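Student: Got a minute to walk me through this one? I'd like to go piece by piece.

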Amino acid sequence: MRPGSVMNRNLQEWIQEVQQHCQPKEIHYVEGTEEENRLIVEALIKQKTLTRLNPALRPASFLARSTPDDVARVEDRTFICSETQEQAGPTNHWRDPREMKETLLGLFRGCMRNRTMYVVPYCMGPIDSPYAKVAIQLTDSPYVVANMRLMTRMGKAALDLLGDQPFVKCLHSVGVPLADGEEDVSWPCNTKNLYISHFPETKEVWSFGSGYGGNALLNKKSFALRIASKMGLEEGWLAEHMLIVGITSPEGIKRYFAASFPSACGKTNLAMLTPTLPGWKVECVGDDIAWMHWGQDGRLYAINPEAGFFGVAPGTSMKTNPNAMLSIQKNTIFTNVALTPDGDVWWEGMTDTPPERLISWTNEEWTPHSTFKAAHPNARFTVGSLQCPIIDPDWQKPTGVPISGIIFGGRRSTTVPLVRQALSWGHGVFLAASMTSEMTAAAKGEVGKVRHDPFAMLPFCGYHMGDYFAHWLSMEQTGRKMPEIFYVNWFLKDEQGKYLWPGFGDNIRVLEWCFSRIEKRGDADLSPIGYLPTLDAINCQGLMVDMKALLKVDKALWKKEADELFHYFQTFRHKLPESLKNETEKLRNVTR
Ligand code: O2Y
Ligand code: MN
């Protein structure tokens, strides 16, 4: 694809502007062909960014190792640069868009010197979907291009779809210009000058300094959530941090669920669940992001805007997620996992017994006696969705799949029961808005600390969270068939710190209850926090679990929860919808 064939006028002008400013040595217009990928990968291997894994064990797969300072999304360097601070709201880091652009123009000046700038057209959503959106990423990272090829519909097809339409502009640089003749390093980054800046009004993302994951693959969190959530607000749809699964009962009835959990709470495991109950089938539409629109029939339809998975490796095994393990047998890029002596990959939790010797993600000799981890806790695999053995037959259906239930959940070792059902759409919005979770390694921060993460969108909502709550409430309209809303917690622990619920494939037992509630079957009791399953409503055949403890509602703990929530909600001031205020008051009253 030579410059002449780039038809979009805006795109041509933008490329020229960025070229003049960032001064790359050359421009590569990404077409998305196999041959192009082969050349990019070869160059990455030469640069030592990628190591080819043993083709006999892991065909066409590679290992990348980042620097220790560039291993995760960095939320405190992620900015929403809306026109006013009020529009970004209290949950986002706001900067004035003009000031931010001035700072960034300074950093981007000459930042691609002696590097190639890749022009990456990509489409979020199936190419033939009315809900698909095209973006262009300009990046000086070939590692980013190789990953985006797996995670998006990248190249000529996206550019053809774009035509002369407006598009989302994503500009990215690792921020390391090279002097003439200077040798490059295997993982260039400039984390002292890190900025992941979003301009929701003009639909732009400018990211500088990181080459890792969500900071650099701007298709994912930056576009498909932060910018798209703002588009959803403007256009009447929802861009959500949700997996999508199809579940078929032994009777052959199929229902789709969307489910929202904070980062690294097992979304990929739930999206690819292997049911332990006979006769149940789970099929995966997506594991991280859902774009949802209302259909003519009044039902909510979801598409997965992505074309691949960027999953957490540690903890993934044939026991916890066999479908993920089968997905990553070939054509996979691994980042920050350990390398085995025979050229394969390993990470903590992959096998019960670790190998005798490894090369760690930091490129050091590792043995089971080492005092450091072999793989980084936020190590990742990147792989195309089509390799998932349980990919849903309708995962690329242009209009999406109809959603019957929406599940929210967080990681809480106390207080929050295994599952409950919202009393209404408004109550469900309240439950989702009051989501809390113990933090994990997916983002920098204090691991284990409980934080509010409304709708699991705290780091991903591109505008004021109060307006976001109102947008969700406004979804309920006459003539629409609202999905049922549930709230789950797989992570309750007993006093000895042992998990009360086995999780993983056994989560189908909870999903079965949700399924039955959607069909107006399934036993439940009304509680101060929603409908709870009766003690025998969840099928626990073959399990030794304390259902009483799993469904306990401790009024004293809930009172603390409600009081704390009241204070948290006050941070949204006049933007907090009245109904959420009322629900909080109700909760405080019933737990008094
Ligand atoms: O550390 C990163 O950049 C990855 S974050 C991520 C990746 C895939 C899916 N979800 C997430 C997340 O943080 O929610
Ligand atoms: Mn995520």
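**The open sheet**

Tutor: Sure, and keep in mind that this is a predicted model. Five strands make up an open sheet with mixed pairing, in the order 2-3-19-24-18.

Student: Which are the edge strands?

Tutor: Strand 2 (50–52) and strand 18 (308–312) are the edge strands, and each pairs on one side only.

Student: And what does the twist average from one strand to the next?

Tutor: The average is 20° from one strand to the next.

Student: What packs on the sheet?

Tutor: Helix 2 (residues 34–46) does, and it touches strand 2 and strand 3 (62–64). The direction of helix 2 makes about 105° with that of strand 2.

Student: Back to the strands for a sec. How many bridges join strand 19 to strand 24?

Tutor: Three bridges join strand 19 (residues 333–335) to strand 24 (residues 380–384), and the two run antiparallel. One to look up in the viewer: Thr335 has Arg380 of strand 24 as its bridge partner.

Student: OK, helices now. At what angle do helix 2 and helix 5 cross?

Tutor: Roughly 140°, with the axes of helix 2 and helix 5 (residues 142–151) coming within 10 Å. That angle is why helix 2 counts as oblique to helix 5.

Student: Left-handed or right-handed crossing?

Tutor: Left-handed, as helix 2 passes helix 5.

Student: Which residues make the contact?

Tutor: From helix 2, they are Glu34, Asn37, Ile40 and Leu44. Helix 5 brings Pro142, Tyr143, Val145, Ala146 and Arg149.

Student: Changing topic: what are the protein donors of the manganese ion?

Tutor: For the manganese ion (ligand 2), they are Lys221 through NZ, His241 through NE2 and Asp288 through OD, lying 2.1 to 2.2 Å from the ion. Along the chain, the donors follow the spacing K-x19-H-x46-D.

Student: Where are His241 and Asp288?

Tutor: His241 is in the loop between strand 12 (238–240) and strand 13, while Asp288 is in the loop between strand 15 (281–286) and strand 16 (290–294). The pair is 47 residues apart, so to speak a link between distant parts of the chain.

Student: Are those two buried or exposed?

Tutor: Buried: His241 has a relative accessible area of 1%, and Asp288 comes in at 9%.

Student: What about Thr248, where is that found?

Tutor: Thr248 is in strand 13 (residues 243–248). Its relative accessibility is 13%, so Thr248 counts as buried. Leaving aside neighbours within four places in sequence, Thr248 is in contact with Ile253, Lys254, Gly279, Trp280, Lys281 and Glu283.

Student: I also had Phe208 on my list. Which strand is Phe208 in?

Tutor: Phe208 is in strand 11 (residues 204–208). Phe208 is buried, with a relative accessible area of 2%.

Student: What is Phe208 in contact with?

Tutor: Setting aside neighbours within four places in sequence, the contacts of Phe208 include Leu104, Leu107, Phe108, Cys111, Asn190 and Tyr195. Ser173 is also one of them; Phe208 and Ser173 are 35 residues apart in sequence and 5.1 Å apart in space, C-alpha to C-alpha.

Student: Last one: why is helix 11 largely enclosed by the rest of the structure?

Tutor: Because nine of the nine residues of helix 11 (residues 425–433) are buried. Among them are Trp425, His427, Phe430 and Leu431.

Note on methods:
Residues numbered from 1 in each chain as written. Chains lettered and ligands numbered in written order. Predicted model: local features only at pLDDT ≥ 70, side-chain atom pairs only at ≥ 80, totals over all residues. Heavy atoms only, no water. Pairing = 2+ DSSP bridges. Helix = DSSP H or I, 4+ residues; strand = E, 2+ residues; numbered from the N terminus. Axes fitted to C-alpha atoms, helices over the stretch in contact; angles between N-to-C directions. Contact = heavy atoms within 4.5 Å. Buried < 20%, exposed > 50% of the residue type's maximum accessible area, 1.4 Å probe, protein only. Donors = N, O, S within 2.8 Å, 3.2 Å for Na, K, Ca; no water. Parallel < 35°, antiparallel > 145°, perpendicular 65-115°, else oblique. Left-handed = near helix turned anticlockwise from the far one by under 90°.
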